[in-house]
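Please open the structure in your viewer and keep the selection tool at hand. The tour below proceeds stop by stop, stating what to select and what is found there.

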Amino acid sequence: MTRRELAHWARQPVQVAVGLIFPVMLLLMFGYLIGGGRGVEGAYVDFLVPGMLALTMAFGLEGTMLAVTQDLNKGVIDRFRSMPMANGAVLVGRSAADMLQSGLGLAALIGVGYAIGWRPHGGPGAFLGAVGLLLLFRFAMLWIGIELALVAGKPEMVQAVQILVWPVGFLSNAFATPDSMPGWLGTAVEWNPMSQTATAVRDLFGGPGGEPGHLWAAAIWPLGLLAVFFPLAVRRFGRLSV
């Protein structure tokens with residue numbers, strides 16, 4: 001199933017390229033055109049890059065969501081049902097391909113971060129730990145997206161449903177600290193799972209805005225989301241395939 005999804009990349013190079021370029025454009029836009037850094041102590045680029053890495057893990061789910069709904073509506077699932085495979089194999093294969101693309105996206109964004117002056121200061125182990133937290137958060141968001149795609153059922157409904165993911169990305173501390181926001185908004189931002197990941201990653205990278213106490217929360221939030229949405233998605237997929 002994963003090889004099948006990777007084979008689609010060769011036939012859709014533009015879609016893959018857009019997925020890699022879009023977060024880079026956001027990073028450059030917020031870093032140079034919009035600027036900002038309200039409430040940030042230290043270099044804004046050291047605060048912004050980890051936030052953008054976390055934001056990238058929350059966005060870009062529409063490719064996977066569309067692929068799931070297209071398989072459902074083109075009769076591909078019916079052919080797979082005749083093969084000796086588990087109900088969730090199609091979803092797991094698609095998620096594995098998405099994680100590979102997410103890894104490429106992280107590498108591209110980190111490379112651009114280096115180009116504009118960002119540097120991690122936490123050492124190799126901390127760097128790998130930060131990347132691991134980012135990919136764990138992506139994996140959790142991915143299964144939320146798969147569940148939403150199965151609920152939507154049709155490709156034309158994906159765009160409407162994926163908007164539900166947007167508040168997770170923008171109601172966060174990706175671009176500014178919660179202390180610079182109104183009290184009620186800052187509280188909501190601090191509880192956002194993406195904010196927990198961004199704060200923990202900033203700490204591991206040794207940049208401004210990092211707090212060691214958020215490391216456990218950054219791991220527990222995605223694991224809790226996975227514990228809910230992974231079985232929900234597999235169960236719903238199994239029922240659709242009956």
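Begin with the whole chain in a cartoon view: followed from the N terminus, its elements run α-α-α-α-α-α-α-α-α-α-α-α. This is a predicted model, and its chain contains 12 helices and zero strands. Buried residues account for 47% of the 242 residues. Switch next to a surface view; the accessible surface comes to about 11,700 Å², and 67% of this belongs to carbon and sulfur atoms. Of the contacts between residues at least 6 apart in sequence, 80% join residues at least 24 apart.

**First stop: helix α3**

Select residues 44-58, which form helix α3. How far apart are the end C-alpha atoms of this helix? They lie 21 Å apart, which agrees with the 21 Å that 15 residues should span at 1.5 Å a residue. Helix α3 is mostly covered, since 14 of its 15 residues are buried. Just after the helix, select Gly60, which takes a positive phi of about 80°.

Now return to α3 and select Asp46, which is found in this helix. Asp46 is buried yet has no salt bridge. The nearest side chain of opposite charge belongs to Arg119, 7.7 Å away. A salt bridge would require a side-chain nitrogen within 4 Å of a carboxyl oxygen. With neighbours within four places in sequence left aside, Asp46 is in contact with Trp118, Arg119 and Pro208.

**Second stop: Gly113**

Select Gly113, which is found in helix α6. Is Gly113 buried or exposed? Gly113 is buried, with a relative accessible area of 0%. Leaving aside its neighbours within four places in sequence, Gly113 is in contact with Leu27, Val49, Trp118 and Arg119. Add Leu48 to the selection: Gly113 and Leu48 are 65 residues apart in sequence, and their C-alpha atoms are 9.3 Å apart in space.

**Third stop: the salt bridges**

How many salt bridges does the model contain? The count comes to two.

For one of them, select Asp98 and Arg138, whose side chains meet at 3.0 Å, N to O. Asp98 lies in helix α6 (residues 89-115) and Arg138 in helix α7 (residues 124-152), so the pair ties together parts that are 40 residues apart in sequence. Asp98 is buried, with a relative accessible area of 4%. Arg138 is likewise buried, with a relative accessible area of 4%.

Then select Glu147 and Arg236, whose side chains also meet in a salt bridge, at 3.0 Å, N to O. This pair links distant parts of the chain: Glu147 belongs to helix α7 and Arg236 to helix α12 (residues 215-240), 89 residues apart. Which of these residues counts as buried, and which as partly exposed? Glu147 counts as buried because its relative accessibility is 6%, under the 20% cut-off. Arg236, at 34% relative accessibility, counts as partly exposed.

**Last stop: a surface patch**

Finally, select Ile163, Trp166 and Phe170 and display the surface. These residues, Ile163, Trp166 and Phe170, make a nonpolar surface patch of about 320 Å². Phe170 lies in helix α9, which covers residues 166-170. At 40% relative accessibility, Phe170 counts as partly exposed.

Definitions and conventions: Residues are numbered from 1 along each chain as its sequence is written. This is a predicted model: local features need pLDDT of at least 70, side-chain atom pairs count only at pLDDT 80 or more; totals for chains, interfaces and linings use all residues. Side-chain values use heavy atoms; hydrogens and water are left out. Helices (H or I, at least four residues) and strands (E, at least two) are DSSP runs, numbered from the N terminus. The expected span of a helix is 1.5 Å times one less than its number of residues. Buried means under 20% relative accessible area, exposed over 50%, partly exposed in between (1.4 Å probe, protein chains only). Lys and Arg count as positive and Asp and Glu as negative; His and the chain ends are not counted. Contact means heavy atoms within 4.5 Å. Patches are made of residues with over 30% relative accessible area and no salt bridge: like charges are joined within 9 Å, nonpolar side chains (Val, Leu, Ile, Met, Phe, Trp, Tyr) within 5 Å. Accessible areas come from the Shrake-Rupley method with a 1.4 Å probe; for residues, only the protein chains shown count as cover.
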